[in-house]
Amino acid sequence: MTAPCRLPDAPIMPPRPAALPADASPLAALSRALDNPLAAAPEAAFQEATVSFRVLVRRVHYVLAPNLIEQVLRNRAGHYGKSRLQERLLGPLIGNGLLASEGEGWRKRRLLLAPLFRPAAVAERTAEITAVFHDLLDGWGREAAVRDADKVFRPAVFRLIARLAGGEAMATRSAELYEALETYLEIMGKPDLGDALMLPPWVPKRGMLRARRAVGRLRALIRDVVETPRAADGSVLSLLRGEETSSVIDEMATLLFAGHEATASAIAWTLYLLSLDQAAQARVRAELNSYDPAAFPSGAPALATWTGRVITESLRLYPPSLVMARDSRLDHTLGDAHIAKGDTLLISPWVTHRHLAVWQEPDRFRPARFWRNPLHPEEIGPHRFAHIPFGGGPHVCLGAVLADLIIRIALREVLRRYRVESVASAVISPVARITLRADSGLPLCFRARPRSV
Ligand code: HEM
């Protein structure tokens, strides 16, 4: 191992890019949007309920206050449609899958898939999830090593999601599928002028041809699996039998993307935060050592446990899904903002999770801020729409319970075997690349613990 590991004496402040200063020129704002869209959020966004601005002819509104977010995502969800901004980056990949669709078609599809994502169905996957992490970690051996946490968990999580989506037939093709998807995301994740200026989806993006080739490969591989006759295997694909092939492919691609990216990112950033706070890490390890994952609560009751609070705090500081975009269907007022039909609304977990009017010491890693009375988990805590890593309202993440279980099992298996330390020389920079990534990776030291423990 070349890079020296670090055990901090006291918890270290997790890094973030500074907000765009109030007096920044439009050119400075554009340059930040091109480099790292996270750094283009203006200072005012971390303080105000809404912030409105113009990008060329498009009017855009950040919606930041939790009560207004609740209006957009839940109470008045019908006033808004999914945004053309999302279509620009993800359209060729997910087509009309759940993440992109609306109306009756979306409702029917969501109801059809929902049973596979309910807590009881998810709990049945405990052994399978555990086995995937065993396989991964068995390959790491007992030598202390530095590994890029932003990369090492992705293929394993991808394999799990591939099996859930398309059964064993899809899981066995997971290496090829993964490679094609990563190529697409890498190209589309780099912001270009068209993204920064919020141009419509039909304006070509830099690297579009290569991205289209990668997505063509991905969809052809999925088609192969979809068109191969199979017995019912409890996968999403079995539920979609009889539907048109192209829409089944949309759904498979949606799940592969939505399921693996964000979940692997959450595992990586949680381990990173625990490397900065060894006391918090020891406490998670102790709790998970005597732990039956299937019996572990998810959602609000999970906050009665330390691990639940750690994961919640990690998803607050480093939400994998950085923005939810909606286009308004009508002229109306939201808080102090006048919103015209066609305007774009941006709901940013990144900003709202660090909003100064909502959180005390928002940049600190303090899992204890989520302490809840186990007997009355609903009693204390911030507004429900202040913590929105999984969105909210009718389009709330379908895979939240599954993601939660995968993260907990990953933490348990990693922390059982390793003490995780940060790398003294590493500069960690969160960047927006469709989802949250670390610009130069997320190197962590994994130091084996005694076998008997
Ligand atoms: C930590 C992990 C995850 C995070 C942070 C996350 C985040 C989100 C967010 C914010 C949305 C709402 C998007 C919007 O309103 O525009 C969403 C939707 C969705 N997520 Fe997740 N997700 C995660 C894991 C998963 C997993 C594991 C799956 C499935 C295997 C999944 C499948 C979906 C689907 C299908 C939707 C669309 C739901 C709809 O519109 O009805 N996600 N996710």
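This is a short conversation about reading a predicted model, moving from a sheet to a pair of helices and then to some single residues.

Visitor: Let's start with the sheet. Which strands form it, and in what order?

Guide: Here's a general idea to hold on to: in a regular strand the side chains alternate between the two faces of the sheet. In this predicted model, look for an open sheet of 4 strands, in the order E1-E10-E13-E5, with antiparallel pairing. The edges are E1 and E5 (145–148), each of which pairs on one side only.

Visitor: How many bridges join E10 to E13?

Guide: There are 5 bridges between E10 and E13 (residues 443–448), and the two run antiparallel. To find one of these pairs, go to Val 420, whose bridge partner in E13 is Phe 446.

Visitor: And how many bridges join E1 to E10?

Guide: Strand E1 (residues 5–6) is joined to E10 by 2 bridges, again antiparallel. Put your finger on Cys 5 and you'll find Val 423 of E10 opposite.

Visitor: Why is E10 described as largely enclosed?

Guide: Count its buried residues. A residue is buried if 20 or more other C-beta atoms lie within 10 Å of its own. In E10 (residues 418–423), 6 of the 6 residues are buried, so the strand is largely enclosed by the rest of the structure.

Visitor: Which helix lies across E10 and E13?

Guide: That's H13 (residues 245–276), which runs at about 80° to E10.

Visitor: Now for helices. How should I describe a packed pair?

Guide: Two packed helices are described by the angle between their axes and the distance between the axes. Try H6 (residues 126–138) and H8 (residues 154–172): their axes come within 10 Å and cross at roughly 150°. Angles over 145 degrees count as roughly antiparallel, so that is the label for H6 and H8. Their crossing is right-handed.

Visitor: Which residues of H6 and H8 meet?

Guide: From H6, look for Ile 129, Val 132, Phe 133 and Leu 136; they meet Ala 156, Arg 159 and Leu 160 of H8. Sorted by class, this contact has 6 nonpolar residues, no polar ones and 1 charged residue.

Visitor: What about backbone angles? Which sign does phi of Leu 56 have?

Guide: Positive: phi of Leu 56 is near 50°, and this residue is not a glycine. You'll find Leu 56 in the loop between strands E2 (50–55) and E3 (58–63).

Visitor: Is Leu 56 buried or exposed, then?

Guide: Leu 56 counts as exposed, because it has 7 C-beta neighbours inside 10 Å.

Visitor: Where is Glu 361 found?

Guide: Check the loop between helices H16 (349–352) and H17 (400–417). Glu 361 also has a positive phi, near 45°, and is not a glycine either. With 10 C-beta neighbours inside 10 Å, Glu 361 counts as exposed.

Visitor: What separates the C-alpha atoms of Val 401 and Val 122?

Guide: Here it pays to look at sequence and space together. The two residues are 279 residues apart along the chain, yet 7.2 Å separates their C-alpha atoms. Val 401 belongs to helix H17. Val 401 is partly exposed, with 19 other C-beta atoms within 10 Å.

Terms used:
Residues numbered from 1 in each chain as written. Predicted model: local features only at pLDDT ≥ 70, side-chain atom pairs only at ≥ 80, totals over all residues. Buried ≥ 20, exposed ≤ 12 C-beta atoms within 10 Å, placed from the backbone. Pairing = 2+ DSSP bridges. Contact = placed C-beta atoms within 7 Å. Axes fitted to C-alpha atoms, helices over the stretch in contact; angles between N-to-C directions. Parallel < 35°, antiparallel > 145°, perpendicular 65-115°, else oblique. Left-handed = near helix turned anticlockwise from the far one by under 90°. Nonpolar A, V, L, I, M, F, W, Y, C, P; charged D, E, K, R; others polar.
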